[in-house]
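Work through the exercises below with the sequence and the structure at hand. Each task is followed by a solution that goes step by step.

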Amino acid sequence: MSTINPLFLDSTKPIGDKSITNIELTQIFLRNDEALYLEVTNQMDIPQRFSMTPIVTKKSVKYHTTILLKHQQQVKGRFIIESSTELLYVSKVYEIFSGNHLSEKWEPCFVSSESIIKGEKKSPRKSQTTKERKQTREIKVNLSKSLCEPYFVEQIKNLLEDL
Amino acid sequence: MSNIVSFINQKGGVAKTTTAINVAAQWSQLGKKILLIDLDPQASATRAIFGDNEFENTIYDVLTSEIEAKEAVVHSESFGIDVIPSEIMLSGIEIILSSKFGRESILKRGLAEVKDNYDIVIIDCSPSLGLLTVNALIASKDIVIPVCPEYFSLKGIELILETLKNIHTGLGHKINVRGIIISKYRNRRIVEQVIQDLRSNYSIPVFNNYIPDSIVVEEAHHKHLPMRKFSPKNPAGLALANLAMEMWA
């Protein structure tokens, strides 16, 4: 059985029935207790997380991960920043195609709905009138509208209505 | 000759850089537009041409996709060529590139936009076999192999030919060996013997202009001048000029 020098292996060719797909995120700064993940959701809506590692070059720090996707597979992915205790930020959703290289800048993002709920619990408020509650809800919905995908706005609306 | 040619030998000290920069300078004098890429982390070509000048943008930044190749190009008035310089940071680039999709053709993609602006792009390779050298070979259609007429250099040719075969098999890229350059020779009789061995063992042409060993070549490096300016009538200078004409034919 001959050994093949990996230097001469074509990195663009599939490994079995899967292809390497590189995902890179630039212009992002993490604090010591924060970690960056790529959350990928396949056609069955099953999420999977991949840790992103920093690559330090002369001019920048980029975060990078490699995933294996089936030939011509297309999935959705988003970037997530978590601290040790909670989910902090999420990005918009990206389309990821098998065998491609995705390089994105960290977009200004919103704090996740879980953090909004926790924030409300921390700061005690006077009880609001119905009109005031409606205004608060509208402000929050408008804020998140400028930053996120429509389906997420719906989720936040539903959560606020439940409150 | 194709548009991109690499000067390559996995053995160090065989005058790859000397022949690359001087042949480039000679072609420039013939009116050709030349781009020299220093792909050696030791940055020998960069130092020989520019001295101790530091550059903000180098081939490292091109390969890490921080900038486009045209942003790293600097012009050398004394050599009459454009250069993409190197730096020591290049020594760590294989770790960055190793997991990248299409890692073997990053240089080729990086040069795609600039190569048509030049008559010839010369790549001065590092004396090692790694991802940088593979990138140089994938980017090139032709290579030339400088050798000293001694045992270890000749063994280097076997390694190069094995590498070319592996690249053809594994990466589907065929590279043409334009020829072998005999450099730094001291004894004419030994040179003739080496050439005979080369011709009987390998079917690679050997350029007829051999470059003699000369301290004047080192002095030219110190002055950051090509031999055609520093000492054009020196036997090594004449041989380099004639070699450039022979290679261009």
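**Exercise 1.** Decide whether Asn9(B) is buried or exposed, and then describe its surroundings.

*Solution.* Asn9(B) has a relative accessible area of 0% and is therefore buried, where buried means under 20% relative accessible area, exposed over 50% and partly exposed in between, with a 1.4 Å probe and protein chains only. The model is a predicted one, in which local features need pLDDT of at least 70 and side-chain atom pairs count only at pLDDT 80 or more, while totals for chains, interfaces and linings use all residues. Residues are numbered from 1 along each chain as its sequence is written, chains are lettered from A and ligands numbered from 1 in the order in which they are written, and side-chain values use heavy atoms, with hydrogens and water left out.

Next, find the residue along the chain: Asn9(B) sits in the loop that runs between strand 1 (4–7) and helix 1 (16–29) of chain B, helices (H or I, at least four residues) and strands (E, at least two) being DSSP runs numbered from the N terminus. Then look for its partners, taking contact as heavy atoms within 4.5 Å. Beyond its neighbours within four places in sequence, Asn9(B) is in contact with residues including Val14(B), Ser126(B), Pro146(B) and Ile160(B). Finally, a polar atom of the Asn9(B) side chain lies 2.8 Å from the backbone oxygen of Pro146(B).

**Exercise 2.** Describe chain B as a whole, starting from its helices and strands.

*Solution.* Chain B contains 12 helices and eight strands. Of its 249 residues, 58% count as buried. Turning to contacts between residues at least 6 apart in sequence, 78% of those in chain B join residues at least 24 apart.

**Exercise 3.** How many residues does each chain bring to the contact between chain A and chain B, and what area is buried there?

*Solution.* Begin with the count, which is 20 residues from chain A and 28 residues from chain B. The area buried between the two chains is about 1900 Å², with carbon and sulfur atoms giving 54% of it; buried area is the accessible area (1.4 Å probe) that two parts lose on being put together, summed over both. On the chain A side, Leu7(A), Phe8(A) and Lys58(A) supply 35% of the area that chain A buries against chain B, more than any other three residues.

As a last step, consider the charged pairs: there are four salt bridges between chain A and chain B, each a side-chain nitrogen of Lys or Arg within 4 Å of a carboxyl oxygen of Asp or Glu. One of them joins Lys58(A) to Asp61(B), with the closest N and O atoms 2.8 Å apart.

Notes: A polar contact is a pair of N or O atoms within 3.5 Å; within protein, one must be able to donate a hydrogen and the other to accept it, and residues adjacent in sequence count only if both atoms are side-chain atoms.
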